Amino acid sequence: MTSGQPLAVDLRGLTKRYGELTAVRDLSMAIESGEIVAFLGPNGAGKTTTIDMMLGLSKPNAGSVAVYGRSPRDAIARGEVAAVMQTGGLLKDFTVAETVQYTASLYAHARSADEVLDRAGIKAIADRMVRKCSGGEQQRLRFAIALLSDPRLLVLDEPTTGMDVEGRRDFWTAIRADAERGRTVLFATHYLDEADAYADRIILIRSGVIVADGTTAEVKNLASGRIVRATWPGADEAELRRLPGVDQVELRGDTVLVHASDSDAVARFLLTATKARDLEITSKNLEDAFLALTTDTAGAASTATTAGSQR
Amino acid sequence: MSSTATEPRERQVPPLGGLNPTMLRLEVRRVLRNRRTMILTLIFPSVFFLLFGLPRKGETIDGKSAVAYVMISLAVYGAMIGTTAGGAAVAVERSLGWSRQLRLTPLRPLAYVISKVLTAMVLGLVAVLVVFAIGAVTGTRIPAGVWLASGLAAWLGSLVFAAFGLFLGFLVPSENVMQIVGPVLAILALFGGLFVPLQFLPQVMQTIAKYTPVYGVGEMARAPLVGGFHLTGLVNVIAWTLFFALAATQLFRRDTARV
């Protein structure tokens, strides 16, 4: 915003309803040029609905969408934005190279078919019929197509769904190599490790509302500290809460779960001053943050939101 | 390429909504590779001609060569199947999600539809040429002007089926649309006098036939052979083309609004 360049993505007050269901509710999002953003959320959270509106594939009931200062349709026509969608179909009776050539011919300016096939790592199968390509190969073909216009913004909707581990790694290697050129990338995923490994920023969405937005570290910190878990029949909850650095105590039958910044103090207390046994200490990870932010009741949403989503 | 994604440069919208010769060439190549379409469009009419046309060498219909009469009728039939299949390809591409994929490119929906019509018309032209070529090779002799006029009428008249195919394509989002409408096309071809000259059908069927969509193009295509110009046929072709084109446009509008 300070650079004077328009935002790569500027969504304001987006709402999308399908009959009774509100899939996305008053959602705003600002992404600067050059950011690599993971759009994270459980299935049905509204990720694809938001992306569809961002790309002009569906119209919001309220709110506005701008991609590099243009309408989505205009941005696509000029090759400013390209996308790899979960559902985008391919023609089975084109070869890989023909699919790329066909799409390339639609742009005013496009990179050569050879170049994008190479970048997507599928040059070797250029003459193969699409129907004979594996799911991962077809996904890389969609990626190759998306690179044709050398887009400033690349949107990926669950790009590695259905790929095996190796396919996912190859795919991300290709994306990463490409993103070094300064491309803005927004990818939706429910794989936390992908968000953790490849994004500078994470936007967490639940029930059509952004519940957290910040750097990967910030989002992890939302669920910082460690969890001390022990078996302690008749646990004294009040006493645990008085310990320094304890921010949450949970009792599940005979098991106590203590969320604390000073796990050593809690462990020492439990093992020396009580009858607690089977003690375990685990650190929270992004997965916990994800679960905490996407499964808790609505109260968590407001407290968990960081400064990032207030733009 | 030296430019990077961050470096702003003038990005343009393609002319003609993305319609271009490369895409048309690739489309035609793809269609010609489709075995089912080729069998229905090129092999069937040719085989029909060899089975039902050629044995009638020397016979006449309305005082003209029966073989030529059958040949022109079957050229219309081939063009009709080819252009319908070409238009109906939108059904396959919608069901596969390719149309959605194209929404992520600069291709305008109207340019896409025009590309389908042009591809369908190429297929129709090939169908006419193949039947005529087989007719010529097997000894059919008619004046050059008749070859040309009948061929053009059969080909251009089949625009009605490109529109019909598009209409079906937006109506039935199925990969199997051509199998579904196959019987309908056969009945329409019968009413168009493509299999049996209409005067051999009962009077009531002849009357009904005048209002069906194949009648006009059939009469127009045979007119150069049997003599004269067929006004009723022309009106029929124009009316049905407009009807299917408008119906397809309505469905197309609904489709693009919904995405």
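This is a tour of a two-chain model, going from chain B as a whole to its helices, then to chain A and the contact.

The model is predicted, with local features needing pLDDT of at least 70 and side-chain atom pairs pLDDT 80 or more, while totals for chains, interfaces and linings use all residues. Residues are numbered from 1 along each chain as its sequence is written, and chains are lettered from A and ligands numbered from 1 in the order in which they are written.

**Chain B, whole**

Select chain B and colour by secondary structure. Eleven helices and two strands appear; helices (H or I, at least four residues) and strands (E, at least two) are DSSP runs, numbered from the N terminus. From the N terminus the order is α-α-β-β-α-α-α-α-α-α-α-α-α. The radius of gyration, taken over C-alpha atoms, is 20 Å, close to the 18 Å of the globule rule (2.2 Å times the number of residues to the power 0.38) for 259 residues, so chain B is as compact as a globular protein of that length. Along the principal axes, its C-alpha atoms fill a box of roughly 75 × 40 × 30 Å.

Of the 259 residues of chain B, 48% count as buried. A residue is buried if 20 or more other C-beta atoms lie within 10 Å of its own, exposed if 12 or fewer, and partly exposed in between, with C-beta atoms placed from the backbone. Among contacts in chain B with a separation of 6 or more, 80% are between residues 24 or more positions apart; a contact means C-beta atoms, placed from the backbone, within 7 Å.

**Helix α3 of chain B**

Next, select residues 66–96 of chain B, which form helix α3. Its 31 residues should span 45 Å (1.5 Å times one less than the number of residues), and the end C-alpha atoms are 44 Å apart, which agrees. The helix bends by about 35 degrees at B:Gly87, where the bend is the angle between axes fitted to the seven residues ending there and the seven starting there. In α3(B), 28 of the 31 residues are buried. Step just past the helix to B:Gly97, which takes a positive phi of about 90 degrees.

**B:Val117, then helix α2**

B:Val117 is in helix α5 of chain B. Leaving out residues up to four places away in sequence, B:Val117 touches B:Gly87 and B:Ala162. It has 19 C-beta neighbours inside 10 Å and therefore counts as partly exposed. To B:Pro183, 66 residues apart along the chain, the C-alpha separation is 22 Å.

Now select residues 35–53 of chain B, helix α2, which bends by about 35 degrees at B:Ile43, with B:Pro45 following within four residues. Buried residues of α2(B) include B:Leu40, B:Leu42, B:Pro45 and B:Phe49. Among what covers the buried residues are α3 and α5 (109–137) of chain B.

**Chain A and the contact**

Switch to chain A, with twelve helices and 13 strands. Of its 311 residues, 44% count as buried. Colour residues 9–221 as domain 1 and 226–283 as domain 2; these bounds come from an automatic or database domain assignment. The two domain centres, taken over C-alpha atoms, are separated by 43 Å.

Finally, show both chains. The contact takes 36 residues from chain A and 28 residues from chain B. On the chain A side, α2 (72–77), β5 (81–84) and α3 (96–105) each supply at least two residues. Helix α3(A) gives the most, with five residues.
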